[in-house]
Amino acid sequence: QALSKVPAPSQLLRARYEVVKFYGRVKELEDLGDWCADSSPLLIRLYTGQGGQGKTRLMLELCRRQRKSGWHAGFIRATAGRAEPTVWSVLLSLDQPLLLVLDYAEGHSELIAKLLSQIKASERTAPKVRVVLLARADLDWWAALASDPEIPSTWLQPPYTHILPLEPITTPESPE
């Protein structure tokens, strides 16, 4: 049974294990740092890109840096949608800035709607909340989310939300 918890060697290359040292993305990290420092109480970003572009790894690095700066930062588990509203209330009432990242966001519209409606309903004391959604694309699920009556429609468009494609760090060499 203990062996079932040990990841297969190929799984060690997944971003969450951070086997490969983080490099590059200097401009993106500077931009994200500025975004977190903005005085707005709530900002949302949707990063899109093909699998393997580094979305998750970039956000792991951002969370690490923001925690060092006094933020409460981390990834939301997909099971968080089943959490009691009081769990969200406690999280949103922290007296420190909050950075939440949701990977594979396109499969978790209900969770996103629940989180954003809880942010809307809460009387939180956190100085600011940043939400990062990671997805392969921003197709129909984004439009459906934007039409959810529990979420202020303005929250999913500028200036609150920006949709940014994440390009590869390096491009494959073209054959000559």
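Glutamate 61 and arginine 65 both belong to helix H2, where they stand four residues apart, about one turn of the helix. Their side chains meet in a salt bridge with an N to O distance of 3.0 Å, a salt bridge being a side-chain nitrogen of Lys or Arg within 4 Å of a carboxyl oxygen of Asp or Glu. The model is a predicted one, in which local features need pLDDT of at least 70 and side-chain atom pairs count only at pLDDT 80 or more, while totals for chains, interfaces and linings use all residues. Residues are numbered from 1 along each chain as its sequence is written, and side-chain values use heavy atoms, with hydrogens and water left out.

Glutamate 61 also meets the side chain of arginine 64 in a salt bridge, here at 2.8 Å from N to O, and these two residues of helix H2 are three residues apart, again about one turn of the helix. An α-helix has 3.6 residues a turn, so residues three or four places apart point the same way. Glu61, Arg64 and Arg65 are thereby linked in a network of salt bridges. Within this network glutamate 61 is buried, with a relative accessible area of 10%, where buried means under 20% relative accessible area, exposed over 50%, and partly exposed in between (1.4 Å probe, protein chains only). Arginine 64, at 27% relative accessibility, counts as partly exposed, and arginine 65 is likewise partly exposed, with a relative accessible area of 40%.

By the rule given above, the count of salt bridges comes to three. Apart from the pairs in helix H2, the side chains of aspartate 31 and arginine 45 meet in a salt bridge at 2.6 Å, N to O. Aspartate 31 lies in helix H1 (residues 26–37) and arginine 45 in strand E1 (residues 42–48), so this pair ties together parts that are 14 residues apart in sequence. Aspartate 31 is partly exposed, with a relative accessible area of 34%, whereas arginine 45 counts as buried at 7% relative accessibility.

Helix H2 has 14 residues and reaches 20 Å from its first C-alpha to its last, which is close to the 20 Å expected at 1.5 Å a residue, the expected span being 1.5 Å times one less than the number of residues. Helices (H or I, at least four residues) and strands (E, at least two) are DSSP runs, numbered from the N terminus. The buried residues of H2 are Lys55, Arg57, Leu58, Met59, Leu60, Glu61, Leu62, Cys63 and Gln66, and what covers them includes H1, E1, strand E2 (72–75), strand E3 (98–102) and strand E4 (129–135). Glycine 70, which follows H2, has a positive phi, near 95 degrees.

Lysine 55 is found in helix H2, which comprises residues 55–68. This lysine is buried yet has no salt bridge, and the nearest side chain of opposite charge, that of aspartate 103, is 6.2 Å away; for this purpose Lys and Arg count as positive and Asp and Glu as negative, while His and the chain ends are not counted. A polar atom of the side chain of lysine 55 does, however, lie 3.0 Å from the backbone oxygen of glutamine 50. With contact taken as heavy atoms within 4.5 Å, and with residues up to four places away in sequence not counted, the residues that lysine 55 touches include Tyr47, Thr48, Leu134, Ala135 and Leu166.

Strand E4 is mostly covered, as seven of its seven residues are buried. Both of its faces are covered, with Val129, Val131, Leu133 and Ala135 buried on one side and Arg130, Val132 and Leu134 buried on the other. Strands E1 and E4 run parallel and are joined by seven bridges, two strands being counted as paired if DSSP finds at least two bridges between them. In this pairing, alanine 135 of E4 is the bridge partner of threonine 48. Strands E3 and E4 also pair in the parallel sense, over five bridges, and the bridge partner of leucine 99 in E4 is arginine 130.

Over the whole chain, the secondary structure comes to five helices and five strands, and from the N terminus on the elements run α-β-α-β-α-β-α-β-α-β. Of the 176 residues of the chain, 38% count as buried. Among the contacts in the chain with a separation of 6 or more, residues 24 or more positions apart account for 79%.

Definitions and conventions:
Polar contact = N/O pair within 3.5 Å; in protein donor to acceptor, adjacent residues only side chain to side chain.
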